[in-house]
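Morning, everyone. Please have a look at the sequence and the structure, and then I'll walk you through some of the details.

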Amino acid sequence: MPYNISHKAKPVDRRPMNFMERIYLPGIAKGLKVTLGHIFQKRPTVNYPEVKRPFSSTFRGLHILNRDEEGRERCTACGLCALSCPAEAITMEAAERKPDEMHLYREEKYAAQYEINMLRCIFCGLCEEACPKDAIYLTQTFAPANYTREGFIYKKEDLVLPLTEEMKTKQNSHQN
Amino acid sequence: MILLALTLSLVLEKVILISVILGASLGIAMYSTWAERKVAAIMQDRRGPNRAGPFGLFQPLADGVKLFLKEEIIPTVSSKFLFVLGPSLAMLMACMTSAVIPWGPDIPKADGGVISLQVADINIGVLFIFGVVSLGVYGIMIGGWASNNKFSLLSGLRAASQAISYELAMGISLIAMVMMTGSLSLREIVEQQHGFWQDGWFTWNFFKQPLAFIIFIVCAFAELNRAPFDLAECESELIGGYHTEYSSMKLGFYLFAEYINMFISSVILSSLFFGGYNYPFMDIVAANVSPLLVSIIGVLVLLGKAIGFILFFMFIRWTIPRFRYDQLMNLGWKSLIPLALINMLVTGAVILYFFSPK
């Protein structure tokens, strides 16, 4: 009795080939039936740059630093996101808001520097959960390729939500 | 006795015909590479080339440009003359076979003569094809030898012995057919397959000699060095085989020669066994349209059949695994040659007993 690694092994058919198998042509026809059948099969490949698969609704991608409806940055540089980050990808530097910056920052303290290293980040979303000010969110995009490691360290200007026209007019009206 | 009356119009006709045929076979070979990749992709549920142009149709052009611009490497230990001769010979022989193929019915001229759509109507057309095809393997042999690489040499040896083994069966299978047609001229053979149905039986040779067709097409696969008989270039054993050391357009010539050969043998297969430019109800068509159109339809029918065979070659390549070398030799010597001999004997006996003039 030969030693079997598993019970799933099928015994090999060692009978000599019969006539139909030996003339080989029916085998070719059978093979052609399989391969030609694939002409009508759906191809799983997506033409990537033109067609993109939708992400799941819970996908966690690149971070964004949120603004309020008047266009002011919400972040108050409390450091809870950095503290909660298991990969230690977030660093920041706080600064005090000047009286003439009321229209730029929502809180009295704001993040003068804010960096996320996308090579360290594991996109767990804990920063998003830790934030008491609704300031950081994970979006549905992912970090594009880059040539250097430095390119993956996203600065504040890469992260903060771009101003809409509406926000700009509101900011200007507050300033005056 | 005038053997060949050379007139300016004749020379002009032939030059135009040759350039058209060469251009067409190069173009079809070019797009065969594209079609091969597409066929492979479709059979494996992939998409294939689709970046260059619509459906990737400019891919062969991009490949051609790439091959031309690549660095040309000639190994220092190779014999340089033979190294260059190899791919040139392969390409030359691939292009030469098209000379005796009748591409379509004659086009009548205004002055009563005809323009023949065949470069040379020699009365030994079939023999000519065999001769040129067997010369084609010299390209591979010389290339494999001149590379001074053991894999190339092994591949050259394999290609040569394979070609010799299968040429025998191929020739014998055709003898049976030639006994029926009574002519070696391709024009004659094609004309005998006129229409599709006559006197209660098909006119096409495939229905008269099915066994010869099967033997012939198996041998054609072997002669073309295509899967499942591509032992001369099997990557898993011999790296690239005879073109291991080749680069740039010399490699391109080898690859291209294979595709031209495939096109030409598809045309030969359709001419010998599937009626060439003949098609069912062709007499009704001929009675109703102009003679020029008849010729054009004939050419298109022949090309359609050839493209069908090319696709068949490709389907087979992406379906069947490669033969082992001893299996290849067993199939050639122990199966195909006896089968071809029996076929020849039976055909001869039938002709002698039933069709010989009393």
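**A glycine, two chains and some helices**

Let's start with G125(A), which is found in the loop between β3 (109–117) and α4 (126–130) of chain A. Helices and strands here are DSSP runs, numbered from the N terminus: H or I with at least four residues for a helix, E with at least two for a strand.

A word on the source. This is a predicted model, where local features need pLDDT of at least 70 and side-chain atom pairs count only at pLDDT 80 or more, while totals for chains, interfaces and linings use all residues. Residues are numbered from 1 along each chain as its sequence is written, and chains are lettered from A and ligands numbered from 1 in the order in which they are written.

Back to G125(A). Is G125(A) buried or exposed? Neither quite: G125(A) counts as partly exposed, because it has 15 C-beta neighbours inside 10 Å. The cut-offs are these: buried means 20 or more other C-beta atoms within 10 Å of the residue's own, exposed means 12 or fewer, and partly exposed is in between, with C-beta atoms placed from the backbone. Leaving out residues up to four places away in sequence, G125(A) touches R60(A) and L138(A). Contact means that the C-beta atoms, placed from the backbone, lie within 7 Å. Q171(A) is 46 residues from G125(A) in sequence, and their C-alpha atoms are 30 Å apart.

Now chain A as a whole. It has six helices and five strands. Their order along the sequence is α-α-β-α-β-β-α-β-β-α-α. The C-alpha trace spans about 95 × 40 × 30 Å along its principal axes. The radius of gyration of chain A is 30 Å, where a compact globule of 176 residues would have one near 16 Å. That radius is taken over C-alpha atoms, and the globule rule is 2.2 Å times the number of residues to the power 0.38. Of the 176 residues in chain A, 13% are buried.

Next, chain B. Two packed helices are described by the angle between their axes and the distance between the axes. Axes are lines fitted to C-alpha atoms, for helices over the stretch in contact, and angles run from 0 to 180 degrees between N-to-C directions.

First pair: helix α1 (residues 8–43) of chain B and helix α12 (residues 291–317) of chain B. They pack at about 45 degrees, with axes 10 Å apart. So α1(B) and α12(B) are oblique to each other. Under 35 degrees is roughly parallel, over 145 roughly antiparallel, 65 to 115 roughly perpendicular, and the rest oblique. From α1(B), the contact uses S32(B), A35(B), E36(B) and V39(B); from α12(B), it uses I310(B), L311(B), M314(B) and F315(B).

Second pair: helix α5 (residues 150–181) of chain B and helix α8 (residues 210–223) of chain B. Their axes come within 9 Å and cross at roughly 155 degrees. Therefore α5(B) and α8(B) are roughly antiparallel to each other. Among the residues that meet are Y166(B) in α5(B) and F216(B) in α8(B).

Last stop: G252(B), in helix α10 (residues 248–273) of chain B. Why is G252(B) buried? Because 20 other C-beta atoms lie within 10 Å. The C-alpha atoms of G252(B) and N148(B) are separated by 20 Å, and the two residues are 104 residues apart along the chain.

Conventions
Two residues are in contact if their C-beta atoms, placed from the backbone, lie within 7 Å.
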